[in-house]
Amino acid sequence: MDNLDMNLTEEQTEKVLQFQDLTGIDNVTLCRDVLQRHNWDLEVAVQDQLNIREGRPTMFSSDHSPPPVVSDPIPQHVFFSPPARYIPGNNSSWRLLRYIVTVFFHFCYDTLSSILGLTYRLLFRDPRRQVTDPVGDVLRFMHQFEESYGLVHPVFYQGSYGQALTDAKQELRFLIVYLHQDNNKNCNNFCRLTLCNETLVQYINSTNMLFWACSVNSGEGYRVSQSLQEHSHPFMAVIVLKDNRMTVVGRQEGHVDAEELVRRLQMIISANEASLVAARAERVERSFNQTLRRQQDEAYMLSLLADQEKERVKSQEMERRESEARQQRQVEEAERQRKEDLRRQKIELVNLVPTEPSPTDPEAVCVVFKMPNGSRLERRFLQTHTLEDVFHFVFCHPESPDEFEITTNFPKRTLDCKGALKSQTLSEWGLRKGEVLFVYDLES
């Protein structure tokens, strides 16, 4: 696990170990690859592996867009088993001649059959071309196989050919395709003696191959046979992901015993295992790059969000300062306007200040004002002058505060110069002779 720690989190490493323990897969890289394809959902990944072992399609399998299959005969391992009547190693000239004649006869017969078959297909539509229930065709063949040959056989893939191709590509497994022909003596012997052989069954099941089989007498089997272009039965093909394409890498035509078939399968797998190793490495690298890119994107987004948050805070701070400055300007403007209004009022109200009477006037009242700054103002009023007249005199004086109140000394009373009693005369207020009044600044 050391080589994976740098790419996996602690939680992902734990899931790889659990997956390996539950499935028994020794290849740690393969375990990680499977979990990554399932978005690290351990339960779904394990269930899919169990489905494959039982021959059921995985969550990735689909008939809608199966991968295309490339069948280039040059790089393929092609095995053709000769008829049983010719025994290799026998030097009998007669047997050799009979084999050559038989092969020539079969060639002519197959050629004529192909021409007649092509003519028939042009004139009459083959019902096998209409594939209506591919999975049903596969399941019916499985049922017939077990009824005829028993339950000992490789694990059959219980899905369509397209689903098997998709799973083989997704799971990076070899796919063995077996095409069966009903009432064919060689096919019957192959199924009974080879496919039911425990050595072959153990080999195919233990190497985690996918084994798909169907009868060419059904629509699904016929469609696959046309795609793979087999020439004789029994027919087997080995398909694997190679150079990013599902490729036929091996063909087996004719009857062959189990031991020889295992040897041939081992040869095919050994020659093409490197392509799966390269595909797994490519997937791991791609997954690592995707993870790295995702982490970089997440780091970029976090940095972007942090920058946006800083910009938002900065913008809020600027708005706050602008708001405070605006409010300060408004306060200052209001204060300036207030002072301007007061200045104008003093100019306007100075004309309302009554004329000072002479000292000899018997109605004169001498009033001494003590200002907030300590200065003294002395002014004469008539007893008939009102409290508002007194206020106008003090308000219009240059040393007067903007907001003030006027009170007597003892008993202390505040002159209601601006309220409901502002029209009262000095006499009515009790000011009939020399008085001392105090002016208090209400803004200080």
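Asn 183 is exposed in this predicted model. Its relative accessibility is 79%. The cut-off for exposed is over 50%, so Asn 183 falls in that class. The residue sits in the loop between strand 3 (175–180) and helix 8 (185–195). Its backbone is also of note. Phi of Asn 183 is near 60°. That is a positive value, and the residue is not a glycine.

Asp 243 also has a positive phi, of about 55°. Asp 243, too, is a residue other than glycine. Its place is the loop between strand 5 and strand 6 (245–253). The relative accessible area of Asp 243 is 63%. Exposed means over 50%, so Asp 243 counts as exposed.

A further backbone feature occurs at Pro 234. The peptide bond that joins His 233 to Pro 234 is cis. Its omega is near 0°. Pro 234 belongs to the loop between helix 10 (219–228) and strand 5 (235–242). Strand 5 therefore has a loop on each side: one with Pro 234, and one, leading to strand 6, with Asp 243.

Arg 280 offers a case from a helix. This residue is found in helix 11, which covers residues 258–349. The relative accessibility of Arg 280 is 14%. Buried means under 20%, so Arg 280 is classed as buried, although its side chain belongs to a charged residue type. Which residues does Arg 280 contact, leaving aside its neighbours within four places in sequence? They are Leu 30, Leu 172 and Glu 273. Of these, Leu 30 falls within the range of helix 3 (28–37), and Glu 273 falls within that of helix 11.

Helix 11 also takes part in a pocket. The second largest pocket holds about 470 Å³ of space. Its lining is made up of 20 residues. Nearest its centre lie Gln 36, Trp 40, Ser 287, Gln 290 and Thr 291. Which elements each supply at least two residues of this lining? They are helix 3 and helix 11. The largest share comes from helix 11, with 9 residues. By class, the lining of the second largest pocket has 10 polar residues. A further 7 are charged, and 3 are nonpolar.

How values were computed. Residues numbered from 1 in each chain as written. Predicted model: local features only at pLDDT ≥ 70, side-chain atom pairs only at ≥ 80, totals over all residues. Heavy atoms only, no water. Helix = DSSP H or I, 4+ residues; strand = E, 2+ residues; numbered from the N terminus. Buried < 20%, exposed > 50% of the residue type's maximum accessible area, 1.4 Å probe, protein only. Contact = heavy atoms within 4.5 Å. 1 Å grid on protein atoms, 1.4 Å probe; cavity = no way out; pocket = protein on both sides within 12 Å on 5 of 7 lines; lining within 4 Å. Points joined across faces, edges and corners; volume = space filled by probe spheres on them.
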